[in-house]
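Trainee: I would like to learn how to read the features of a structural model, taking one at a time. Where should we begin?

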Amino acid sequence: MVHHGIIGCGRVAPNHVDGFRAAGRYGVGWACDRDARVLKEFALAHGIARSTTKVDEVLEDSEVISVSVAVDHAQHAALAERALVAGKHVVCEKPLALTMDDAGRLVALAAERDLVLSVISQHRYDPLVLEVRRWLQAGLLGRMLYAQVSLAAQREPEYYRDSYWRGTWSGEGGSALINQGYHVLDVTRLLLGELSVEAAVARTALLDTVMETEDNLSALLTAGPVPVTLNVTVAARTLWRTRIQLVGTQGYVEFDLDHPGTLHHAEGSPLLLEAAGRLREQAEEPPPPGVGYYGISHRRQIATFVEAVMDGRPREDPRAGLGMVELLGRLYSATQFADRRK
Ligand SMILES: NC(=O)c1ccc[n+]([C@@H]2O[C@H](COP(=O)([O-])OP(=O)(O)OC[C@H]3O[C@@H](n4cnc5c(N)ncnc54)[C@H](O)[C@@H]3O)[C@@H](O)[C@H]2O)c1
């Protein structure tokens with residue numbers, strides 16, 4: 001009998017419980033949070049039999065085959081490393097780490113010990129994203145001219161004020177980009193390939209009394225010869241609006257990563273229009289109860305992780321997460337906040 005352990009029982013943790021239960025191969029045996037009150041409520045709400053404030057208690061249990069690392073960004077590396085050294089497969093929330101040294105060490109350690117290390121980037125598993133990727137690969141948009149990608153979100157002051165880590169360089173390593181903007185940026189990499197940073201501007205436009213990091217970041221990137229503009233903010237008056245516009249010589253596509261993702265516009269060649277029509281006919285999967293806010297794609301990524309753990313193949317590639325740590329570092333280094341991010 002093997003189990004999964006959840007380390008960090010905060011906002012995102014219900015998505016992990018749901019994902020492992022939906023995958024159905026093994027259950028969640030442990031909840032772990034250093035805050036005893038949070039832990040008790042979480043374990044009770046989700047019916048998890050064993051709970052502890054001590055990470056070692058989970059890692060020392062030989063029945064625990066894998067763990068989720070779902071704590072603040074600054075502790076991802078240390079906790080994931082302890083879990084890998086203890087022989088556990090790891091699902092780590094994004095970002096994998098705050099520095100390339102840490103991220104590289106984790107990827108090497110997982111490979112050396114033949115353990116699965118999966119960095120959550122759930123929108124890489126959205127059917128809409130994967131379909132648009134197929135259109136690009138099949139040349140349905142022609143030669144890419146440019147892409148425009150953005151996230152406008154609203155975070156209330158309490159979101160930072162009441163948190164021990166959000167809005168701090170030491171705990172979060174940035175904010176609007178590394179946390180909320182992460183998804184739209186990583187999906188852009190999946191669609192267009194690795195990105196170079198041409199210029200970036202960051203500022204704290206609205207929430208400067210509650211955060212030291214950026215609430216607004218804009219950048220000009222390039223994917224080979226293709227310019228990509230990126231705009232992210234958490235200071236908007238809209239809960240969560242992502243947009244990805246792809247403009248090619250044969251087609252224009254506009255879609256989002258909201259919950260659930262929607263194809264807003266597709267225009268161009270007959271083949272593109274046919275493909276878009278087929279996509280629109282597909283039924284949407286309803287969000288799981290209790291975790292609807294982040295959509296359903298954690299389930300898809302966790303199902304892939306569980307398959308890799310139980311069946312050996314196919315393996316998740318943690319280098320996707322490593323590439324994000326590198327790109328985030330280059331983006332922040334191009335802003336006026338470069339010196340504040342150690
Ligand atoms: N993929 C997504 O869409 C998504 C959404 C939200 C959050 N996240 C990520 O999930 C992670 C957690 O975010 P959150 O919003 O759930 O944070 P949170 O602050 O709500 O929860 C973190 C929990 O971890 C606990 N914790 C901290 N250090 C610990 C330790 N050493 N041992 C045990 N427990 C510890 C805290 O007490 C807290 O309860 C972050 O990396 C964040 O970026 C991802």
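**A buried loop residue**

Mentor: L141 is buried, with a relative accessible area of 1%. Please keep in mind throughout that this is a predicted model.

Trainee: In which element or loop does L141 lie?

Mentor: L141 belongs to the loop between α6 (127–137) and β7.

Trainee: Which residues does L141 touch, not counting residues up to four places away in sequence?

Mentor: On that basis, L141 touches W135, L136, L246, G248, T249, Q250, G251, V253 and L272. In addition, the C-alpha atoms of L141 and Y252 are separated by 6.7 Å, although the two residues are 111 residues apart along the chain.

**The sheet**

Trainee: How should one read the pairing of strands?

Mentor: Strands of a sheet pair through backbone hydrogen bonds, either parallel or antiparallel. Here, seven strands form an open sheet with mixed pairing, in the order β8-β9-β10-β7-β11-β12-β13.

Trainee: Which strands stand at the edges?

Mentor: The edges are β8 (196–203) and β13 (263–268). Each has a single partner strand, so one side of each is left without a neighbour in the sheet. From one strand to the next, the twist averages 10 degrees.

Trainee: How many bridges join β8 to strand β9?

Mentor: Seven bridges join β8 to β9 (residues 216–223), and the two strands run antiparallel. To follow the register, note that V201 has S218 of β9 as its bridge partner, while R203 is partnered by N216 of β9.

Trainee: And what joins β9 to β10?

Mentor: Eight bridges do, again with an antiparallel run. One bridge pairs A223 with V226 of β10. The two strands form a hairpin with two residues between them, and G224 in the turn has a positive phi of about 60 degrees.

Trainee: How many of the residues of β9 are buried?

Mentor: Six of its eight residues are buried, so β9 is mostly covered.

**Helices on the sheet**

Trainee: Which strands does helix α9 touch?

Mentor: Helix α9 (residues 182–192) packs on the sheet and touches β7 (144–154), β9, β10 (226–233), β11 (235–248) and β12 (251–255). The direction of α9 makes about 10 degrees with that of β11. Helix α10 (residues 270–281), for its part, lies across β12 and β13 and runs at about 160 degrees to β13.

**A helix pair**

Trainee: At what angle do the axes of α5 and α12 cross?

Mentor: The axes of α5 (residues 100–113) and α12 (residues 319–333) cross at roughly 170 degrees and come within 9 Å. That crossing makes α5 roughly antiparallel to α12. The contact is made by M100, A103, G104 and V107 of α5, together with R319, L322, V325 and E326 of α12. By class, the contact has five nonpolar, one polar and two charged residues.

**Cysteines**

Trainee: How does one decide whether cysteines are linked?

Mentor: A disulfide is a covalent bond between the sulfur atoms of two cysteines. The cut-off applied here is a pair of cysteine sulfur atoms within 2.5 Å. By this rule the count comes to zero disulfides.

Trainee: Why are C32 and C92 not bonded to their closest cysteine sulfurs?

Mentor: The sulfur of C32 is 6.8 Å from the closest cysteine sulfur, in C9, which is too far for a bond. For C92, the closest cysteine sulfur is that of C32, at 14 Å, also too far for a bond. C32 is buried, with a relative accessible area of 2%, and C92 is buried at 0% relative accessibility.

How values were computed:
Residues numbered from 1 in each chain as written. Predicted model: local features only at pLDDT ≥ 70, side-chain atom pairs only at ≥ 80, totals over all residues. Heavy atoms only, no water. Buried < 20%, exposed > 50% of the residue type's maximum accessible area, 1.4 Å probe, protein only. Axes fitted to C-alpha atoms, helices over the stretch in contact; angles between N-to-C directions. Helix = DSSP H or I, 4+ residues; strand = E, 2+ residues; numbered from the N terminus. Parallel < 35°, antiparallel > 145°, perpendicular 65-115°, else oblique. Contact = heavy atoms within 4.5 Å. Nonpolar A, V, L, I, M, F, W, Y, C, P; charged D, E, K, R; others polar. Pairing = 2+ DSSP bridges.
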